[in-house]
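User: Please take a close look at the aromatic pairs in this model. I would also like to know how their surroundings relate to the nonpolar core.

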Amino acid sequence: GALLLFSSVSILLPGVGSCPKKCLCHPSSNSVDCGGQGLSMVPPDLPPWTLTLLLQDNQIHWLPALAFRSVPRLSTLNLSNNSLSNLASEAFYGLRHLEVLNLTQNSLLSLESSLARALPGLRVLDLSSNILSLLPTSLGKPWENLTVFSMQRNNLLHLDRALLEAMPKVRLVLLEDNPWKCDCHLLGLKLWLERFTFEGGVTDGAICRLPEPWKGKDLLSIPHELYQPCPLPSPDLASSPVQQPGAAPQEAHKPSEFNSGQQDSLECEAKPKPKPANLRHAVATVVITGVVCGIVCLMMLAAAIYGCTYAAITAQYHGRPLAPTSESEKMGSKEPIDSSAA
């Protein structure tokens with residue numbers, strides 16, 4: 001009877017206390033290691049006491065909804081070096097206690113904003129070494145407990161400031177080895193990083209890949225005064241496309257939209273050389289000012305010399321007639337005497 005009861009319980013509850021094939025279970029540490037076993041899906045019969053699940057170095061290419069419903073107490077999940085290309089937030093529903101999620105070395109293209117709602121207790125998110133080119137502009141709600149956010153070695157050109165502002169407790173942000181395009185769209189990230197590092201946060205920096213004059217420079221080393229505000233799209237340009245000669249109206253409309261988009265993107269880029277231009281203008285202004293001041297000084301000196309010379313000549317001129325005048329006076333005084341004598 002006892003054997004029959006045990007068999008019945010084992011049939012009804014096959015996952016309780018069992019260990020999946022190709023996995024090593026460690027009840028003492030509440031961990032299950034299924035790494036490097038060539039798995040193409042998450043084992044369905046994981047022990048419910050699992051706190052740490054290692055699924056790295058496998059061939060898992062997708063996660064179904066509620067993929068981890070058998071391990072609701074899971075706190076650490078390692079899915080690195082698999083073939084994941086899409087990450088649906090429904091796959092993590094029920095993992096409210098998950099704190100560490102490692103998704104490095106996969107093929108992820110994007111990240112859903114609803115991931116924060118599915119994993120409210122997450123503290124460490126590592127998305128390094130993927131091919132992410134797009135991140136959500138916001139998460140809908142703050143990711144209150146996230147402290148480590150790693151995005152190294154991806155294809156990110158821009159990162160919206162609002163996404164980082166939704167992580168109020170983040171202390172480590174890793175952004176290295178991305179093709180950052182340091183134009184006006186990245187100014188928000190620069191300002192956020194400046195405040196983040198000032199408040200004691202740690203980052204490895206964002207090294208610019210574009211535009212060419214700033215290639216290899218740290219985003220934080222570029223003065224934000226060089227960035228221009230992103231121009232708003234002009235409705236006039238969109239409503240009045242330029243038609244090429246001999247082209248149909250519809251065909252001309254598409255290239256004009258494409259060209260206007262290119263023009264907006266070019267106008268949106270920060271001007272890389274205003275500082276040298278201003279410096280040259282300043283040097284030219286100083287030189288011109290010095291020349292003008294020198295000319296004015298020479299003119300003042302010449303005026304002073306002329307004034308002194310004129311005064312000396314005038315004094316000499318007025319000094320010469322004084323002697324004859326006195327002699328004439330003497331002669332005049334003698335004339336009456338001579339006349340009387342006559």
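Analyst: Here is a walk through the aromatic pairs, followed by the core. Keep in mind that this is a predicted model.

A search of the whole structure turns up 3 aromatic pairs. Take Trp 192 and Phe 196, one of them. Their ring centres are 4.7 Å apart and their planes meet at 15°, so this pair is stacked. Stacking requires planes under 30 degrees apart. Both residues sit in helix α4, which spans residues 187-198. They are 4 residues apart there, about one turn of the helix. Trp 192 and Phe 196 are both buried.

Tyr 306 and Tyr 310 also make a stacked pair. Here the rings lie 6.3 Å apart, centre to centre, with 20° between the planes. The cut-off for pairing is 6.5 Å between centres. This pair belongs to helix α7, residues 274-319. Tyr 306 and Tyr 310 are 4 residues apart, so about one helical turn separates them. Both Tyr 306 and Tyr 310 are exposed.

Now the core. The largest nonpolar core has 63 residues. Leu 55, Leu 63, Phe 68, Leu 77 and Phe 92 touch the most other members. Helices α2 (115-118), α3 (161-165) and α4 each give this core at least two residues. Its largest share, 4 residues, comes from α4. That helix also holds Trp 192 and Phe 196.

Leu 77 deserves a closer look. Beyond its neighbours within four places in sequence, Leu 77 contacts Leu 53, Leu 55, Phe 68, Phe 92, Leu 98, Val 100, Leu 101 and Asn 102. In soluble globular proteins, nonpolar side chains tend to be buried together.

Methods:
Residues are numbered from 1 along each chain as its sequence is written. This is a predicted model: local features need pLDDT of at least 70, side-chain atom pairs count only at pLDDT 80 or more; totals for chains, interfaces and linings use all residues. Side-chain values use heavy atoms; hydrogens and water are left out. Rings of Phe, Tyr and Trp (its six-membered ring) pair if their centres lie within 6.5 Å; planes under 30 degrees apart count as stacked, over 60 as edge-to-face and the rest as tilted. Buried means under 20% relative accessible area, exposed over 50%, partly exposed in between (1.4 Å probe, protein chains only). A nonpolar core is a set of buried Ala, Val, Leu, Ile, Met, Phe, Trp, Tyr and Cys residues joined through side-chain atoms within 4.5 Å. Contact means heavy atoms within 4.5 Å.
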